Every structure is written in structure tokens, then in C-alpha cells.
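Visitor: I'd like a close look at the pockets here, and then at the sheets. Please tell me how far to trust the model along the way.

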Amino acid sequence: MTPHVISLSPEYSVTTEQAEKLLRLQRETLEQVALGVDYREILDSLCKTAEQMVSDSLASIMVYDDTGSFLTVLAAPSIPPVAIEVLNGLVPSEHAGSCGTAVHSNQPQYVTDTRTDRRWCDLQSFVDSFSIGACWSCPIKIKKDKAMGSFALSSFEKRAPSAFYKQLLEISAHIAGIILKRQQEEQSFQKLAYYDALTGLANRTSFNSQLSLAIERAVAQNSQLAVFILDLDGFKDINDAQGRNIGDMVLKWVAAKLQSALTEAHILARLGGDEFAILVKYPDKPLTIEPLVSRILALFKQKIPVAQHEFSLSTSIGISVFPDDGQSAQNLLRNADTALHEAKKSGRNCAKSYNEKLTHLVRRKMDLMTDMRAALINADFILYYQPQFCQKTNKLLAIEALVRWQHPEKGLIPPNDFIPIAEQSGFINELGLWIFTEACQQCKKWWDSGVPYFSLAINLSVKQLNAENMQKFEDILIGMNFPVQNLEIEVTESLVMHQESLHELKKLEAMGIRISMDDFGTGHSSLAQLKNLPLSKLKIDRSFIKDLTNNENDKVIVKTIIAMGRSFGLKIVAEGVETVEQQEFLVEQGCDLIQGYLLSRPIPPEELENLFDQL
Ligand SMILES: [Mg+2]
């Protein structure tokens, strides 16, 4: 029986059986769309169905990337990943194979022999690698729009498409177009519903739902989270004086700056107007919010450059913490808002927590941070020096510079109380630079006046080991013609965990500066790891020296450190030596240098001068 011929499209004639297959393909695919199946899954199944209808064929769908400049493969369930990788990035042109040419020309391209067809002349290595014989491709477009991609069927043999195959290609490309268009609309609808159009940040609706989810997770993990609400101080003045356009640009600047100060653990949203919110997730206790608070407040220290103006703004922050300050998204937001009003009332440019105790703690740290900046300007920091003596000759060989803070109201503040806060807030960079300059200048002055050379040791925090500081240190040393062979830098074991810092440390070594491992034995490094560091000295931590004469364990540890350290060619210094017995044990074990109250406390420079006869 001759199949009955019907016409689906005026150009092609197909049999009834073929027409039914095409109609079924359309119906089944559109059913999946209606059922809300994921669009990628639908496109994959569209490809597979087309492949079943054309023997020995491989179907693929390519679409423009987000920038609209090249094509990427969106669906190709039977094509190996290695071939997909080659196809990704195809730029539409007259010689971009069947797909690139179809998109470029907005017309179907039926290439029957890829080896001889000029449309494939630039892709011959692809033809060779994957043995492509023929490739037919149809542009994907909605109505008369510009093509957004292509639907293609390739085969290993050379062949021309039948009327039915052409019809199949056109229908598949059309359906793919419907699916992609729908997907785009859904995406922009989502954007409108959940994102702030001005800044691109999450909006209030999105923030609320993410906060609720985070609370559920925090309950399950028994962890905490915090909500920050920020309100810009004085933004209304800018808006009133400069107009809304400028105001909007300032808001965009603020949004981008805030985002740059956050990590994956944070979600930033614009709640409306000049009000922003941050969700801070804490998978681990304890809660630490001070570093983030100081990072945010510091952002507003810089001027905001917008449309030939430079604006100064600050922000007030209200903080609530789950579970202490509220169990629901609504309560947490309300209490953070209450705290925000408190922050506004108490002079703005500060953070207030809903929880009183926390507020107090934050305030104390914030006060200390503010005071530290003032102390640097007012010259309230001073340097003391603690000598290190050779255990054999009792000669003064080196001094360690140690910072002290002479607070005008609180008196002398020990470094342990302010160095960690300086490290958290980033102030360590400024303070560290001052210490470095001051200590080098002081020693240079002594040596220039005829005092014999000794080593100057300066402590560096891992936070200071960055390229910017290294350059500044080098400039300072060159600027004062400092004899670098007399300089030692003390670093702690935490460095071993930071590859980048290690890289910076090697720059110091390359300048001819010696490196000491400070407080050795308290961190996580092993003696074996020391081999990879550019060290010349090892300082045994005071905690092993304290009970040295009574504690057998400490004796063994100290003996081992000295023996191993010496076998690596390092000089060994014992810190915190307070008694003659300790000294005698250390000398017996071959410790090279002694530092501690037994021989000298850290002393101001003028007192140190009295010891210069021991040089
Ligand atoms: Mg030290």
C-alpha cells in the first residue's frame, strides 16, 4: 500500500506515518513543558527522540552565551564531552560549520559532505577528530526574531536530508525555541520578584525567605546566625541636594563595596531606600561579629566617587543574633531594627547589638580600635627591647623589638590585649609599619654613632606578610641604608598553613634578611616542615622553659627541639629563661642564645644603652 501523502509545511511532503511521528514529538514535548519538567531535561529528551527518528544520527542544541557573542552546547545527550568542549565557544559566521552558519544567516544549512563544503573549511580538524560526514542545522528563533541558537543532526556518513528529515529539524528547532523563550521569561520573572532592580542584590522578599531557611538549618545544626541591618547616615541629604539619579549611583557604589567585603557565608540584600541587610551564617561557634563590623565601618572611611563628586557617608548598624535575640525571621529583623535605632541615637557610624552583653563587648573592642588609631598619631606606642645573650660568652648578640601601648587613661596595655584586635581589624599593617621603621631607625642611629653591630629582631604577624608590605619594608631599608644582614624577622608557626605568606617570606630572605621561627612548639608545624622554610633561628616557646627543671616531658621536648634544630643548621634561642637552673640545662643541651628575665627584661632604649659594653 502506498502511504498517503499529506502536507505539514507547503515546502515539504511527508507520509501520514511520518506526519504522525512529528505531531507526537510536538505533543509529548509540549506536555513536558506544561508539567514543569526542567528545561534541560526536556531538551535532552527532544534530542533523543529526534535521534530515534533518524538512523545513526546525533542531535545537538547550541545557544548564545550570556554576552551574545558565541555559541555553547546546551543539549547533546549522545555527543561525547570531549567533542562538546571543542564546539563550545563557536563564533557564528559564514564558515562556522552548519550550526554557526545557520545562526549567522538565520537560515537552515544542510551540509551533506563536511570535508568538501566551504561552510566547514575552518573546522576540518574537528571533522577529522570525530569523523563527521554530514551535518544539517536549523536556526532556533521565535517568529521572525534573530536566531538564538541552532538545532542540528549530524551523522558519520555523508548524506542529504529527506523532506521528512528537514521537517523534523524545523519542528525540533521551533519547539526548542518555545522552551528556551519560556525559560528566559521565567528567569526574568524570578529576577523581578526576588532581586532589587537598582543594585542587583536580593530584595526584601528574597532576604526573608533565605533567612527563614537559614534559621531552619541553624536549628538542625545547633548553630548561630546574625542579622545586620544597615542604614546609611546622611544619605537623604545627598538625595535631596543632588537628585535621585546621583543618589541611585551612590547606592549602587555602596552595594558593590559591601558585597566586596563579604564572603560566601554572607547574604547581602537591599531592603529598600538606603537600608541594607546582611545575613551572617555561623556554622561554628563561637560567634564573632567584630571583624565584619569593623570591615563594614572601614568601607565608609573612603570617599564615594560619583559623577565628579566625592561624597562622605557613614553607616549605622543594628545586629540581632539567633537564637538569643529571636527565633523567627520576623523577630530577628525587628530586633535588629531596634538595635539600628539605638545606633542612630548614640551618634551614628557605629554598630549596636540587640543583646546588651554583646553590645558591650562590641563597644569595648570598637573603642579599643578607635583608640589604637589615635595612639599611632599621638605617639602613644613605644618600643622596648629585650636582649638575647650568647650562652657561651655571655655577650649581647641580638635584641628583640617589642611594642608597648602607653594609654593616656588606661595606663600600659600589654600587647596580648591589643595585637589580636589590630590583626582582626587590619590595623596591624599600619602599626607593623611603624614598629618596623622605628626599630630600624633606632638601631641605625646607634650604629652610626659607633656602637658595634648586633642583630635586631622584629616580629611580623602572618597578616603582614603581603606584597604591599614587603615593598614598603624594602623601601624603608634602602631609604635608610640599613645593613640588612643585621636584621631578623620573627614569624610564628601559623605561617606554615599560609602558602602565600610563605612566598612573601622568601622575598625577605632574598633581600638578605634572616628569619626566625618564634614561639616554636605551640603551633601545628612539625620539625620536618621546618626544612622547607628559609629559617636561620628557632626560638623555643617559653611554655616549655617554665617548668623545665621539674618536668621530665618538657626536658625531653626541649632536648629534641635543640638536637633536631641544630641538625638543620639552625641557631637555637630559649625564650622566657628565668632561673640559673634553666639556663644551665639549656647550656648543657647546646642551646645557642638565652632570652628572658634572668638576664634582662624588655627595656626602653635608654636603658639598653647601659648594656652596650657587653657587645
Ligand atoms: Mg618574638
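Guide: pLDDT, the predictor's confidence in each residue, goes from 0 to 100. The chain averages 89, with 95% of its residues at 70 or more. This is a predicted model, where local features need pLDDT of at least 70 and side-chain atom pairs count only at 80 or more, while totals for chains, interfaces and linings use all residues. Numbering starts from 1 along each chain as its sequence is written, and side-chain values use heavy atoms, leaving out hydrogens and water.

Now the pockets. A pocket is an open set of points on a 1 Å grid over the protein atoms alone, with protein on both sides within 12 Å along at least five of seven lines (in a cavity, a 1.4 Å probe fits but cannot get out); lining residues have an atom within 4 Å of a point. The largest pocket holds about 1,300 Å³ of space, counted as what is filled by probe spheres set on the points, which are joined across faces, edges and corners. Its lining runs to 45 residues, with N416, I419, N459, D518 and D519 closest to the centre. Eight elements (DSSP runs: helices are H or I with at least four residues, strands E with at least two, numbered from the N terminus) deserve a name here. Strands β15 (381–390), β16 (396–407), β18 (455–459), β19 (487–491) and β20 (514–520) each give two or more residues to that lining, and so do helices α13 (415–425), α14 (428–448) and α16 (499–510). By class, you get 18 nonpolar, 14 polar and 13 charged residues. β18 also has the highest mean pLDDT among the chain's elements, 98.

The second largest pocket comes in at about 420 Å³. L297, K301, N349, M366 and T370 lie nearest its centre, out of 20 lining residues. α10 (290–299), β14 (351–353) and α12 (356–377) each supply at least two of them, and α12 has the largest share, with seven. The mix is eight nonpolar, seven polar and five charged.

β14 takes us on to a sheet: an open one of five strands, ordered β9-β10-β8-β13-β14, with mixed pairing. β14 and β9 (266–272) are the edge strands, each with a single partner, so one side of each has no neighbour in the sheet. Neighbouring strands are turned by 20 degrees on average, direction ignored. Inside it, β8 (224–233) and β13 (314–322) pair antiparallel over nine bridges, with D231 partnered by S316 of β13; pairing takes at least two DSSP bridges between strands. Helix α7 (204–221) lies across β8, β9, β10 (275–282) and β13, at about 20 degrees to β10; such angles, from 0 to 180 degrees, are between N-to-C directions of axes fitted to C-alpha atoms, for helices over the stretch in contact.

Another open sheet of five strands goes β4-β3-β7-β6-β5, with antiparallel pairing. Its twist averages 25 degrees from one strand to the next. Seven bridges join β3 (57–64) to β7 (149–155), and S60 has A152 in β7 as its bridge partner. Helix α4 (97–105) packs on this sheet, at about 30 degrees to β6 (134–140), whereas α6 (163–194) lies across β3, β4, β5, β6 and β7 at about 40 degrees to β6.

One caution: β1 (5–9) has the lowest mean pLDDT of the elements, 43. Residues 1–8 stay under 50, and the model gives them 18 contacts (heavy atoms within 4.5 Å) beyond four places in sequence. Where pLDDT is low, predicted coordinates shouldn't be read in detail.

Conventions:
Nonpolar A, V, L, I, M, F, W, Y, C, P; charged D, E, K, R; others polar.
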